[in-house]
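Q: Please take me through one part of this model in detail, and then through what surrounds it. I work at the bench, so spell out the cut-offs as you go.

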Amino acid sequence: MNDKTLKLFRHFIDPNNIDKKDGNVKKNPTALMGADGQLLLGEGIPASEIKLAKILMYKPAPHCSAQSWSIYDQKTNQLLFGKAERERRECASLTKIMTAFVVIRLMERMKLEETTLIKVSSDSSSVIGTSAELVENDTLTLKQLLYGLMLPSGNDAAHCLAEYFGGRLKTQ
């Protein structure tokens, strides 16, 4: 994807360019000008990319509230576009996704049901950071802890799951 196409596409996905009344992309000619003041449409842009841009003009991509995101083309090994895609970000959410994945795989391997009960320890209930508000000595199911891990991004739920599965793995 060349720079002109990228600028054209970014115009289409910018929420500031979406008409609030009908949801269509506002046609803003100045936003579609190149550095030389020429209109970008059609200049050195492959027909397939112009077709994509026209589709996006009338059916824009959904609004994304994430602070940063990127879309990567594996076939061409290129970053296509994004928002703050070069900024360094914390990876806590990715870690929690991986924790959920590992827990689900361990549940399958150990033949545990999602209704398996786990008691919340003092350590788990006092973990700092984002929290599922776990309370010491409460008993929750694996399913409830997974929800606590993923929905509020609960560090406490992650810790509780780690204690439970860490202890079970030691004994195997």
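A: Let's start with the buried residues of H6, which are Asp156, Ala157, Ala158, Cys160, Leu161, Tyr164 and Phe165. Here buried means under 20% relative accessible area, exposed means over 50%, and partly exposed is in between (1.4 Å probe, protein chains only). Helices (H or I, at least four residues) and strands (E, at least two) are DSSP runs, numbered from the N terminus. The model is a predicted one, so local features need pLDDT of at least 70 and side-chain atom pairs count only at pLDDT 80 or more, while totals for chains, interfaces and linings use all residues. Residues are numbered from 1 along each chain as its sequence is written, and side-chain values use heavy atoms, with hydrogens and water left out.

The length of H6 fits a helix well: at 1.5 Å a residue, its 16 residues should span 22 Å, and the end C-alpha atoms are 22 Å apart, which agrees. The expected span is 1.5 Å times one less than the number of residues. What covers the buried residues of H6 includes H3, strand S3 (117–119), H4 and H5; such contact means heavy atoms within 4.5 Å.

Two neighbours in H6 deserve a closer look. The structure holds 1 aromatic pair. It is made by Tyr164 and Phe165, whose ring centres are 5.1 Å apart with the planes at 90 degrees, so the pair is edge-to-face. For such a pair, rings of Phe, Tyr and Trp (its six-membered ring) must have centres within 6.5 Å; planes under 30 degrees apart count as stacked, over 60 as edge-to-face and the rest as tilted. Tyr164 has a relative accessible area of 18% and is buried, and Phe165 is buried at 3%.

Phe165 also leads us into the largest nonpolar core, which has 20 residues; Leu145, Leu161 and Phe165 have the most contacts inside it. H3, H5 and H6 are the elements that give two or more residues to this core, and H6 gives the most, with 6 residues. A nonpolar core is a set of buried Ala, Val, Leu, Ile, Met, Phe, Trp, Tyr and Cys residues joined through side-chain atoms within 4.5 Å. For Leu161, leaving aside its neighbours within four places in sequence, the contacts are Val103, Ile118, Leu142, Leu145, Leu146, Leu149 and Gly166.

Val103 takes us across to H3, where the buried residues are Lys96, Ala100, Val103, Leu106 and Met107. Seen down the axis of H3, these residues fall within an arc of 130 degrees, so they line one face of the helix; the arc is that of the directions from the helix axis to the C-beta atoms. As background, an α-helix has 3.6 residues a turn, so residues three or four places apart point the same way. The buried residues of H3 pack against helix H5 (142–150) and helix H6 (155–170). Turned away from that buried side, the other face of H3 carries the exposed residues Leu94, Glu108 and Arg109. The span of H3 (residues 92–109) also works out: its 18 residues should cover 26 Å at 1.5 Å a residue, and the end C-alpha atoms are 25 Å apart, which agrees.

Back towards the start of H6, Ser153 lies in the loop between H5 and H6. Its relative accessibility of 18% makes Ser153 count as buried. Leaving aside neighbours within four places in sequence, Ser153 is in contact with Ser93, Lys96, Thr130 and Gly148. Lys96 in that list is one of the buried residues of H3.

H4 helps to cover H6, and what follows H4 is worth checking too. Glu133 sits in the loop between helix H4 (122–125) and strand S4 (139–141), and Asn137 is found in that loop between H4 and S4. Most residues other than glycine have a negative phi. Glu133, however, has a positive phi of about 60 degrees although it is not a glycine, and phi of Asn137 is near 75 degrees, again positive. Glu133 is exposed, with a relative accessible area of 62%, whereas Asn137 counts as partly exposed at 45% relative accessibility.

Finally, Thr141 belongs to strand S4. Thr141 is buried, with a relative accessible area of 17%. Beyond its neighbours within four places in sequence, Thr141 is in contact with Glu114, Thr115, Thr116 and Leu117.
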